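This briefing goes through the contact between the protein chains, their symmetry, and the surfaces that face the DNA strands. Please read it beside the sequence and the model shown here.

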Protein chains: 2
Amino acid sequence: MTNTRGKILDKALEMFNERGIEYVGLRELAAVLGIRVGNITYYFATKDDLVFELSQQLSKANAEIIFVDENITMTGFLEMLNRVYLNQVKFRCLLLSFVHVMEQNKLVAAAYKTTQRNRNATISANIGKLAASGYLDLKNDEEQDFLVSTLALVSRFWISEAAISFAHLSSQEQIRHYLRLAGNLLIPYATAKAKRQIRDFLSTGQLASIS
Amino acid sequence: MTNTRGKILDKALEMFNERGIEYVGLRELAAVLGIRVGNITYYFATKDDLVFELSQQLSKANAEIIFVDENITMTGFLEMLNRVYLNQVKFRCLLLSFVHVMEQNKLVAAAYKTTQRNRNATISANIGKLAASGYLDLKNDEEQDFLVSTLALVSRFWISEAAISFAHLSSQEQIRHYLRLAGNLLIPYATAKAKRQIRDFLSTGQLASIS
DNA sequence: CATGAGTTAGGACATTGTCCAAATGTAAAA
DNA sequence: TTTTACATTTGGACAATGTCCTAACTCATG
């Protein structure tokens with residue numbers, strides 16, 4: 001992006017990620033960009049609008065990753081999770097201010113509601129496919145709901161816990177920890193071939209971190 | 001509490017819980033109390049100091065609940081979790097701004113570090129007792145670490161997820177949902193008698209909500 | 001060159017947390 | 001009772017924030 005709007009978005013994401021959305025003022029952002037505050041408000045009437053645009057970028061990036069895969073394997077499922085986690089690192093400022101943003105920013109809140117409904121349905125469908133394909137042994141709907149609920153909770157808040165409790169670890173190490181957690185969550189319900197894929201993925205299969 | 005300091009703390013907690021720490025200004029708090037802003041800063045030099053005091057109250061309340069019980073049962077463990085969740089509802093403003101507070105408030109962050117270390121150790125010890133007493137069947141340390149890690153994550157962030165996704169439910173219903181989640185998490189490792197206690201607790205045993 | 005839409009600059013505004021000096025209240029000492 | 005010393009409360013100042021508005025500038029098009 002070479003235009004002003006794009007520059008604002010890029011630098012805002014960079015600074016928000018480093019120091020937190022609430023702690024980066026528009027004047028400081030403007031100063032770093034060598035422009036005036038009024039110029040930012042020309043493109044984004046409010047700071048919320050700027051944050052909303054970033055949340056849309058994350059949403060779009062996730063949409064390219066999360067879909068119902070008819071031929072999903074346990075390895076594929078974990079890779080999908082891995083890719084989502086990597087996206088979340090890129091937009092970590094949003095997830096670290098998750099509750100705050102959702103309470104304040106009506107735009108983001110409204111968009112999230114619909115996105116999240118689809119997302120949970122997709123995860124649920126994939127878990128169902130894994131069961132149908134002999135990767136998971138689920139006795140009833142409650143077991144499936146439990147897995148989906150827990151995976152959703154972990155996926156939403158792992159980065160918040162990591163920021164507080166595992167700040168000394170790299171993003172890649174943090175992701176490894178929470179992928180391991182997800183894997184352990186699935187293991188009691190995993191068939192033999194699924195267990196092999198989980199153990200294999202956790203020991204060698206992690207995707208490369210972002211640049 | 002009839003003194004000014006106590007009144008400030010009580011009303012602040014009430015308003016923070018209702019509308020969020022970030023959205024209640026000191027002037028509004030002072031106005032509701034019928035005092036001046038400077039009077040608040042006399043007792044709490046900064047807003048962070050006020051928040052820190054509230055976090056100490058939560059810490060103290062939890063300390064009375066969370067301890068290593070030599071004769072712990074599965075029912076007792078779930079009751080302990082239930083009591084912690086009820087405490088968290090009382091101080092939900094702190095948990096909803098968890099990451100935010102930890103990033104900004106050095107006092108709270110420092111206190112939390114040591115508290116959390118002890119707390120995780122205590123939970124881990126109780127899980128160990130459950131295994132020793134024939135409630136849990138843990139094959140290795142990794143299984144125990146997994147349970148402790150996941151329980152810690154859920155216990156820290158359930159209220160944040162509930163505020164966003166289950167705002168239409170009462171606190172008691174929210175707690176029921178996350179106690180069920182914790183129960184389901186334990187079930188694959190639970191012995192027969194533990195399974196009975198879990199199912200029994202989830203169907204009838206939930207503690208009453210706060211007034 | 002002139003026009004007009006798009007863009008940028010600069011400053012005003014209300015609100016926030018913080019800080020301070022003066023005024024007031026209170027309770028023990030003289 | 002009066003004085004003194006300390007605790008409490010007041011009222012306003014301060015810098016920083018997000019938001020808003022008007023004037024100035026840029027630049028392709030007629």
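The contact, meaning heavy atoms within 4.5 Å, takes 31 residues from chain B and 31 residues from chain A. This is a predicted model, in which local features need pLDDT of at least 70 and side-chain atom pairs count only at pLDDT 80 or more, while totals for chains, interfaces and linings use all residues. Residues are numbered from 1 along each chain as its sequence is written, chains are lettered from A and ligands numbered from 1 in the order in which they are written, and side-chain values use heavy atoms, with hydrogens and water left out.

**Interface of chain B and chain A**

- Between them the two chains bury about 2,800 Å², with 65% of it on carbon and sulfur atoms; buried area here is the accessible area (1.4 Å probe) that two parts lose on being put together, summed over both.
- On the side of chain B, the residues that lose the most area to chain A are B:Tyr23, B:Leu153 and B:Ile164, together 22% of what that side buries.
- The rule finds four salt bridges across this interface, each a side-chain nitrogen of Lys or Arg within 4 Å of a carboxyl oxygen of Asp or Glu; in one salt bridge the side chains of A:Glu142 and B:Arg180 meet at 3.7 Å, N to O.
- Six residue pairs, both residues at pLDDT 80 or more, are in polar contact across the interface, a term for a pair of N or O atoms within 3.5 Å where, within protein, one must be able to donate a hydrogen and the other to accept it, and where residues adjacent in sequence count only if both atoms are side-chain atoms.
- Helices H7 (98–104), H8 (106–132), H9 (141–165) and H10 (171–186) of chain B are the elements that give two or more residues to the side touching chain A, and H9(B) supplies the largest share, 13 residues; helices (H or I, at least four residues) are DSSP runs, numbered from the N terminus.

**Symmetry**

- Chain B superposes on chain A by a rotation of 180 degrees with 0.0 Å of shift along its axis (RMSD 0.0 Å), with copies superposed by least squares on the C-alpha atoms of residues with pLDDT of at least 70 in both.
- That is the relation of a two-fold axis, and the same surface serves both copies, since 100% of the contact residues of chain B recur in chain A.
- Of the residues of chain B, B:Pro188 comes closest to the rotation axis, with its C-alpha at 3.1 Å.

**DNA strand C**

- Strand C is surrounded by 15 residues, of which the closest are A:Tyr42, A:Tyr43, B:Leu26, B:Arg27 and B:Lys47; a residue is near a strand if one of its heavy atoms lies within 4 Å of it.
- Phosphate oxygens of strand C lie 3.0 Å from a side-chain N or O atom of A:Asn39 and 2.9 Å from a polar side-chain atom of A:Tyr43, whereas a polar side-chain atom of B:Arg27 lies 2.8 Å from a base oxygen.
- The largest share of the surface near strand C, four residues, comes from H3(A).

**DNA strand D**

- Of the 15 residues around strand D, A:Leu26, A:Arg27, A:Lys47, B:Asn39 and B:Tyr42 come nearest, and sugar and phosphate account for 60% of the strand's atoms within 4 Å of the protein.
- Phosphate oxygens of strand D lie 2.6 Å from a side-chain N or O atom of B:Tyr42, 3.0 Å from a polar side-chain atom of B:Thr4 and 3.1 Å from a backbone N or O atom of B:Arg36.
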